[in-house]
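Visitor: Could you walk me through this one? I'd like to go from the overall layout down to the helix packing.

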Amino acid sequence: MAKKFYITTSSASVDKLPDIDFLLELLQADVLARYNRKKGKDVFFLTSTSEYGIKILKKAEEGKKDPQDFVNEVTLKYRIFIEKLNISNNSFIRTTDKDLHLKGTQKIWREMKEKGDVYKKKHKSSYCAECDAFVEKKKLVSGKCPNHGKHPENVEEESYFFNLSKYKEKIKEKIEKEGLQIFPRERKNEIICFLEEVEDVIISRPKEKLSWGISVPDDDNQTISNWVDALSSYLTALGYQDERDDFWRWWPPDAHCIERSVLVSHGAFLPGILLSLGLDLPKNIYVHGHMACEGKKKSKKLARSIDLFNLLEDWSSDIVRYYFLRESLTCKDGRFSYKKLKEECDIDLIDGLNSLVYRVISFARKMEINSTNIPRVCAGEVGKEIKKTEKQIEDFLGEYMLKEALESIWGLICFANKYTKEKEIMEKRKSGQEGAKEMLCLVHSLSKMLSPFLPSTAKKMEASLRDLKEENIFSKIPKK
Ligand SMILES: [Zn+2]
């Protein structure tokens, strides 16, 4: 049986339309999923929408909509978005799913309770509506939420708690010994510091405060916190409620692609829940950097200030994919600008890749090459360059450095452009076919390397090689 690879994005909250952070998660998870498929692994690629919680209920009420109708509408947009980006997920779960998710989440709750890890307690806490979360008193800055600069609401209520302190040492050990690896390394230290002083966490709210959510089993007056049920989706999507074979085939996740604001829930809370259930922890968590718009610092408002649907309307999905994968740094924050998008498209995609393919194909036609007769493996200097690049891609992707992997492919494209131009002049004198065949072989190798990153482009390159027809491989480029 082929080796398995289970990868997820985080569960996107539908209080907003897809933003740049979710776009990055989708792209990065997609590259890794496609790359692992190419290597012959069986891949399960899950993405999901988190559809419960106070924020979402408020949005529905503002629009005078029934909450279920509201989440149905927004989730449909997420599905369209995922399709437009050409994402290869083979599963999609909604947290309002009544079968797999509801039953699975309640089973998880019951099991944690049977283990003695869930208890009910009256508490006085600070609740930030913007975060839709409790903020520890010691984390407040001059009495205000550190994320939003607003005074939180003081609440006094009864909730269920999860006994995280029981597991924190074990989680720390797993992370330190890299049983659970966190990329990039800076994030690993962040989570270890967090675990030093973490206490038990609130995992439910009274129904009158949180009505839009999954009820606590055997206690109808309480609702499970929506972050708990969002995290549960990684298990429920595999059929945890009846422990189908599928579940045991895929668990644990090989990689979670997430953004920084959910690092704590993935690096501390989720491992706690899994240890309580007696399950293996995920192997890797990859935290991506943020992307700012047009040189301004990222804030939630700015992230939404480019309309991603318009962007995908104006530009083909591979150009958008290239731009964001090339711009997103693992540790640092990237920047979005239309000027840069146009520049990169012109220089890297049109002048770099497109002109290479065009020139090679037209030379091969002149040399009257038969397309069924092209070698699949290159020898000599070209073969060496290809092997070197393949190794770089493998190494970079192993460290979740997607930008660097893509850059090494462009290093090969630069080499190919130079090499083929020189070769063309020589071969014209000899009117030989060998040089042209070698160039076609090089383009074929490039298309294979590019396929996880730019899947439509790779397909077009293969079609050009098959038909030996000079065609532009990038379409939909706005003139401006
Ligand atoms: Zn806040």
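Guide: Sure, and a quick definition to begin: domain bounds here come from an automatic or database domain assignment. Keep in mind too that this is a predicted model.

Visitor: How many Å separate the centres of domain 1 and domain 2?
Guide: The assignment splits the protein chain into domain 1, residues 4-288, and domain 2, residues 338-467. Taking the centres over C-alpha atoms, the separation comes to 41 Å.

Visitor: Which helix gives the largest share of the side of domain 1 that touches domain 2?
Guide: On the domain 1 side 9 residues make contact, and they meet 9 residues of domain 2. By class, that side of domain 1 has 5 nonpolar, 2 polar and 2 charged residues. The largest share, 6 residues, comes from a helix spanning residues 20-38, namely α1.

Visitor: Now the sheet. Which strands stand at the edges?
Guide: It's an open sheet of 6 strands with parallel pairing, in the order β3-β2-β1-β12-β13-β7. A strand at the edge has a single partner, so one side of it is left without a neighbour in the sheet. That applies to β3 (91-94) and β7 (181-183).

Visitor: What does the twist average from one strand to the next?
Guide: Take one pair first: β1 (residues 4-13) and β12 (residues 255-259) run parallel and share 3 bridges. In that pairing, Ile 7 stands opposite Ala 255 of β12. Over the sheet, the strand-to-strand twist averages 20°.

Visitor: What angle does the direction of α1 make with that of β1?
Guide: α1 packs on the sheet, where it touches β1, β2 (42-50), β12 and β13 (284-288). Comparing directions, α1 makes an angle with β1 of about 170°.

Visitor: Are α5 and α6 roughly parallel or roughly antiparallel?
Guide: The axes of α5 (residues 168-176) and α6 (residues 185-196) come within 10 Å and cross at roughly 160°. Angles over 145 degrees count as roughly antiparallel. So α5 relative to α6 is roughly antiparallel.

Visitor: And how many charged residues does the contact of α5 with α6 have?
Guide: The crossing of the two, α5 and α6, is left-handed. On α5 the contact is made by Lys 168, Ile 171, Lys 172, Ile 175 and Glu 176, and on α6 by Lys 188, Ile 191, Ile 192 and Leu 195. Sorted by class, there are 5 nonpolar and no polar residues, and the number of charged ones is 4.

Terms used:
Residues numbered from 1 in each chain as written. Predicted model: local features only at pLDDT ≥ 70, side-chain atom pairs only at ≥ 80, totals over all residues. Contact = placed C-beta atoms within 7 Å. Helix = DSSP H or I, 4+ residues; strand = E, 2+ residues; numbered from the N terminus. Nonpolar A, V, L, I, M, F, W, Y, C, P; charged D, E, K, R; others polar. Pairing = 2+ DSSP bridges. Axes fitted to C-alpha atoms, helices over the stretch in contact; angles between N-to-C directions. Parallel < 35°, antiparallel > 145°, perpendicular 65-115°, else oblique. Left-handed = near helix turned anticlockwise from the far one by under 90°.
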